[in-house]
Amino acid sequence: MMLLHLQRIAVPFEYPVYFTEGVFSPSNGDLAAAIAAKEPRRRHRVLPVIDGGVAAAWPSLADDIARYVGARPDLLALAADPIVVPGGEAAKNDGAATAALQARLDALGMDRQSFVMIVGGGAVLDMVGYAAATVHRGVRVVRIPTTVLAQADSGVGVKNGINAFGKKNLLGAFAPPFAVLIDPRFLETLPLRDRVAGMAEAVKVALIRDASLFSWLSERAPALASGSLGPLAELVRRSAEIHLQHIASAGDPFELGSARPLDFGHWAAHKLESLTKHRLRHGEAVAIGIAIDTLYAELAGLCSQAAAAAVVSTLEALGFALWDDALALTRACEAGERGERLCVLDGLDEFREHLGGELTVTLLEDVGRAREVHAMEERHIVAAIARLRERAARRGAPAAAGATGAAIGATAAAGAAGAAIGATAAAGAAGAAIGATAAAIGATAAAGAAGAAIGATAAAGAAGAARS
């Protein structure tokens, strides 16, 4: 076959991230400025979609939005009354809800210059963002994240998606938002459990990117664990800034490669969410996943005992339980293997499949410094989980319930003594790129009245794939 043409495409992306207060206060111009930034002389149609949990906690929210839009008739117009969707993981588990929203966007004539304004937690941002990304191949989205996790992590990124066929984020799209506005007042509506759960992603990014942030988290753990709003707002800002810098500088914002540093601790977390049918919050599962991978790194000789101890003790001080009975669930081994295998271990294979190539797991070398590995020894994973169970027992946490014969700490799967999970590379992985563009999101700073806007710019500049 003969190469006819090598296509190269550069696609810049830019979106402001505002830290503001009273986002729907008529005197706060940040939202209007963000929407009208590229076309200041046009009237923009806006459709609000609100997380049901937020709507319940803030009964005047729909009226506040209508009042805000009504105060700027030259710039803004409501496409319809706000749509309220279920909050939490239920939003991502119901494909019918996504289809209904897509149908509503079509019925309202929302075009590629219209705005879907999402007010909610991370799951709602994911689901509604996915619906918007698939209507006309992309309706503009303004995100107003309302939880610690969404403000500190997912709300400032470029991913959208829903769960399907029993798998986390199986369906989704990479679609940078038009703008993000972070208002710490929404955190006042959160119960303590959700305030704590959201901090896991801040711990994650501190461990892989910023040792000083981890020290700050450790020092302020008592105040953070109590849900104190001042420290929480600072956590959100520092974590969001690091996430933006990583997306901007790591060279792979659309995850075309196999390395996913921001998914540190997530292979086990995603499986635990599935095993518990989302009884565990995403952040709670991530905290357990971080603890497993940190203890694994110690057992594998990658990081020191002191570093591992600091990570686990800080997670506990922040209020996380690092043991859940789902860790003890087992299944029968497959043909050629003997005994039983911990169900959570299947998360590694599912994670590799999600990566789309060679298994790549981020592990700690020290606080603030990480490395990638392409295989994990099952015996060390099992031992790390056993340590968490023993630690929970010493702390008085309830023992794992009814693990029908689950022997954690015994080498559950065949070939345990040195079996490396994920040592096999996926076919065609190493460099197959069909029409791929590699992107780099660069960070810019913009000032924004009531709140400084941290803009994330993405400059995609790829070696597009050659097709014959």
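## Helix 13 and the turn after it

Just after helix 13 comes Lys 277, whose phi angle is positive, near 50°. This is a predicted model, so every value here is computed from the predicted atoms.

How much of helix 13 is buried? Eight of the helix's ten residues are, so helix 13 is largely enclosed by the rest of the structure. The buried set starts with His 266, Trp 267, Ala 268 and Ala 269, and it goes on with His 270, Lys 271, Leu 272 and Glu 273. Notice that charged names such as Lys 271 and Glu 273 appear in that list beside Leu 272.

## Leu 280, between two helices

Follow the chain onward and you meet Leu 280, in the loop that links helix 13 (266-275) with helix 14 (282-299). Is Leu 280 buried or exposed? Its relative accessibility is 9%, and because the cut-off for buried is under 20%, Leu 280 counts as buried.

Which residues touch Leu 280, once its neighbours within four places in sequence are left aside? Two of them, Leu 272 and Glu 273, are also on the list of buried residues in helix 13. The others are Arg 193, Ala 285, Ile 288 and Asp 324. The fold also brings Leu 280 and Ala 326 to a C-alpha distance of 9.9 Å, although 46 residues separate them in sequence.

## Leu 295, further along helix 14

Helix 14 itself holds Leu 295, another buried residue, with a relative accessibility of 7%. Beyond its neighbours within four places in sequence, Leu 295 is in contact with Ala 308, Val 312, Ala 384, Arg 387 and Leu 388. Here is another link between separate parts of the chain: the C-alpha atoms of Leu 295 and Ile 385 are 8.4 Å apart, while the two residues are 90 places apart along the chain.

## Strand 6, enclosed on both faces

Now for a strand. All six residues of strand 6 (residues 140-145) are buried, so this strand is largely enclosed by the rest of the structure. In a regular strand, side chains alternate between the two faces of the sheet. You can follow that pattern here: Arg 140, Val 142 and Ile 144 point one way, whereas Val 141, Arg 143 and Pro 145 point the other way.

Which strands pair with strand 6? Strand 5 (residues 115-120) does so in the parallel sense, over six bridges. To get from strand 5 to strand 6, the chain passes through helix 6 (residues 122-134), making a right-handed β-α-β crossover. Strand 9 (residues 179-182) also runs parallel to strand 6, joined by two bridges. Val 142 is a good residue to look for, as it is the bridge partner of Met 117 and also stands opposite Ala 179 in strand 9.

## Helix 3, with one buried face

Helix 3 (residues 61-70) has Leu 61, Asp 64, Ile 65, Tyr 68 and Val 69 as its buried residues. Why do they form one face? Viewed down the helix axis, they fall within an arc of 130°, so they line one side of helix 3. The general reason is easy to remember: an α-helix has 3.6 residues a turn, so residues three or four places apart point the same way.

On the face turned away from the buried side, helix 3 carries the exposed residues Asp 63 and Gly 70. The cover over the buried residues includes helix 1 (30-36), strand 2 (44-51), helix 2 (52-57), strand 3 (76-78) and strand 5.

## Asn 163 and two exposed loop residues

Asn 163 sits in strand 7 (residues 159-164) and is buried, at 8% relative accessibility. What does its side chain pair with? It makes a polar contact of 2.8 Å with the side chain of Asn 93. Not counting residues up to four places away in sequence, Asn 163 touches several others, including Glu 89, Lys 92, Leu 170 and His 278.

Phe 165 lies in the loop between strand 7 and strand 8 (167-174). Phe 165 is exposed, with a relative accessible area of 73%, and its phi is positive, near 55°, although the residue is not a glycine. Arg 137, in the loop between helix 6 and strand 6, also has a positive phi, near 60°. At 80% relative accessibility, Arg 137 counts as exposed.

Methods:
Residues numbered from 1 in each chain as written. Predicted model: local features only at pLDDT ≥ 70, side-chain atom pairs only at ≥ 80, totals over all residues. Heavy atoms only, no water. Helix = DSSP H or I, 4+ residues; strand = E, 2+ residues; numbered from the N terminus. Buried < 20%, exposed > 50% of the residue type's maximum accessible area, 1.4 Å probe, protein only. Polar contact = N/O pair within 3.5 Å; in protein donor to acceptor, adjacent residues only side chain to side chain. Contact = heavy atoms within 4.5 Å. Pairing = 2+ DSSP bridges. Right-handed = clockwise from strand over helix to strand, strands pointing away. Arc of directions from axis to C-beta.
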